[in-house]
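Dear colleague,

I am passing on the structure below, and after it you will find some notes on how a few of its helices sit together. Please read them with the model open beside you.

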Amino acid sequence: MAASPGLVRLEQRLRVKIGEAKNLVLRNHGTSGQRDVYCSISLDQEEIFRSATAEKTLDLSAFFGEEFQFDIPREFRFLSFYLYDRDRPMKTDRIMGKVSIKKDDLHKYNGKDQWFPITPVDADSEVQGKVHVALRLLVVRHMNDGYPQHVLEVKIQECSDLAIISGSCDPFAIVTMLYTNKKQESKRTKVKKKTISPHFDEVFLFEQNGQRGGSQERDNMYSLVDEDAGFQEVRVALWHDSPAVFGNVFLGEVKIPLSDMLPTHEHNAWYFLQPRESAGKHQRADLGTLRLNIYYTSDHVFSSQSYDSLRNLILQSTGVEPITSSVAWLLGEVVPQKQDVVQPLTRVFLHHGQVVPFVSAFARHEISKITDTNTIFRGNTLVSKCIDELMKLVGHHYLRSTLKPTLDLIFRERKPCEIDPTKLQQGESREANLTNLKEYISLILKAIINSALNCPPVMCQIFSELKELANTYFPNEREVRYSVISGFVFLRFFAPAILYPKLFDLTTEQIFLEIISSMPNGSHKAYDTPVILKEGIMIKRAQGRKKFGIKNFKTRFFRLTTHNLSYSKTEGGVPLCVIPVDEILAVERVEESSFKIKNMFQLVQPSRTLYIQAMNCVEEKEWLNLLTKVCQYNSHRLKQYHPGAYINCVWLCCRSTSEQAPGCSAVSNYLECDLKIYIDSDREMERLRSLLMENMATLEKLHSVCESAVMYGGSRELNLGGVIVDNPTVSLKSLTSVITSVIQLQQEHRNHQQRLLRTLTYGSKQAPIGDDNYLLLASSIAKFDSSTSGTEVTVPVRKTSSSPC
């Protein structure tokens, strides 16, 4: 079934590991020493995450070793990493430089460790957003001599997604006309307060002979020009109106050539704001390098029915004999990086309730081939990685509730635990540090053992299957039934979470292992006690308990559990307000125009509405998703809500004056998912389809080899580039089905891209001038057509310059 355009959605996911920075510039005018360095991740100019601070590092290097993974909820142009030097005495953070990668270039570095040069940062290069400009060349007759006169009408209509400067954005635009005689004339708009998407709707007239046009005031003119000067270029620069010492802040500009513009010609288009030409030119370029490993995926997800054929082939893998001829197995073999397959594959099986038979079937095959019990699941095979992924998915709350209290204590006390004599700090005792280390290890071990009854049921089922397989294949080696479990529980689950403490002797604790490898009691409810789902800093608007109370914004520490949402002044502080989950009527975004603030959402209660601002777009999406999940089964939840805020006794969305007025918009669809984990099966299927399509050449080679073997009666094992085929006949059937299914899906993608290209106008808000997005889309369709039809497809290339002609 073909997916309709309205059902296609873009899903983006980013996983990035920040390694280390090297060859950094010396601080304090070339003197060496130690400093504290941290790195932040930004989408355009919006900071999303901040690494821990690498303290007391040598001036020339800093090691981070942190990994971040998140969904990207909006469009963006650049992924940037900013390095900061924290000055403790002055309590200021000095920016050292950045690595900025264009979104369209991310695929070049996918899954690779790469050293990126650190580039300078200055106000002229930190730009984002777009501006809507309309131009019209008029022919009028001069009042004095009656001769025709050219007048250019420039209308600054609106902007979108401007950068926020020090928590605010008060934008205005300066329009500059450059004439052919090298003179220029400038005019400016009014300032729009507290908005990143201002509507100006201001018109400026420029006469070709330099005389003032319309009703423009002389104080809006910066200079006049000589007569008979032709129009050469119009520049629109956006600024943030700042009363601070350093004055107004540059937000970006566009340059529109006018040399080919004809009389009566009209041009109306959106433009991406660009940096100044001088950006970074006067700063040193050798600022060091930053090592990054980036994995970015961008998928267009179709309706669920589109994936039925491929999904059924994958889910039926557990019943295929031999398992090495199944579609799931072949997926793991043809994709070069198994980790790319593991996440979507595990999620699909988990979502459809078949993850236990899936893991069991694959684990049985692997154990049956083992000759040395010390190597069971020690390699990075598909099944071992899938179990790792499964534990991450279903064991998050278990891991947190088990380890967090002890880890909090360790970070709070900060007792030295270094026992390497060569790394001891001055005044430290190895014996004292060893005592501290043993104490912390004992606390962690006790927490893990006492948590056995809280192990998630699906993990218990997996461990039960592994233990039975060990009993079946190694009946005379009783220790194997526990070592096969401990390898996952300790080495792959707990140990990475506690930063690699030395817990290698824990495999002898069989009481704990016996509990978690037993089938869970059907009456056991893992979530009877409150489980912390998320916590962090957000900004709330005072709820106005008193009729005339001040409704200002305050920063609070929020905590969401399976039972309630609460907030306090500080982390660990006494809650100022506790909202039970069953009293949440709706959780929805708030229109940005209500408070002129981004990332706002509302939590509707029976008596009032709480307005909350998340720190960034990623945080907003995560809070919204979790809050929606915890209240989705509330029987009294609302069907209608107000997307605007209730301010000054009126709803800004529908202008109703009653605070109790029923909502004017339908609430978002509630997610039909389990609280413990939400999986978007269609999204994961699209990821698997994309991986299969990327490796179609390998699939076709395998198909050809198997087809030849079957045709000539061969049934022996085949080896093609390391891919083992145990049974060519069964493998041929799986390969034929999966190739057919993937090609059908690819055709749907092609149709969608063609529809998108037909409806997308270069210069529209969706495809502004100044970037290659439109051209890249056209090029990708041309490549697809060429590869599938065997003939060249010519795509008309439009100019990438800002010329209106």
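The buried residues of α5 (buried meaning under 20% relative accessible area with a 1.4 Å probe, protein chains only) pack against α2 (327–334), α3 (338–351), α4 (355–368), α6 (396–413), α8 (457–473) and α9 (480–497), where helices are DSSP runs of H or I with at least four residues, numbered from the N terminus. This is a predicted model, in which local features need pLDDT of at least 70 and side-chain atom pairs count only at pLDDT 80 or more, while totals for chains, interfaces and linings use all residues. Residues are numbered from 1 along each chain as its sequence is written, and side-chain values use heavy atoms, with hydrogens and water left out.

Because 12 of the 13 residues of α5 are buried, this helix is largely enclosed by the rest of the structure.

As for its partner α9, the two helices pack at an angle of about 65°, with their axes 10 Å apart (axes are lines fitted to C-alpha atoms, for helices over the stretch in contact, and angles run from 0 to 180 degrees between N-to-C directions). α5 and α9 are therefore roughly perpendicular to each other, a term that covers 65 to 115 degrees. Ser384, Ile387, Asp388 and Met391 in α5 meet Phe488, Arg492 and Phe493 in α9, contact meaning heavy atoms within 4.5 Å.

The axes of α2 and α3, by contrast, come within 8 Å and cross at roughly 160°, so these helices are roughly antiparallel (over 145 degrees). Their contact is made by Ala328, Leu331, Gly332 and Glu333 of α2 with Lys338, Val341, Leu345 and Phe349 of α3.

With best wishes

Definitions and conventions
Buried means under 20% relative accessible area, exposed over 50%, partly exposed in between (1.4 Å probe, protein chains only). Angles under 35 degrees count as roughly parallel, over 145 as roughly antiparallel, 65 to 115 as roughly perpendicular and the rest as oblique.
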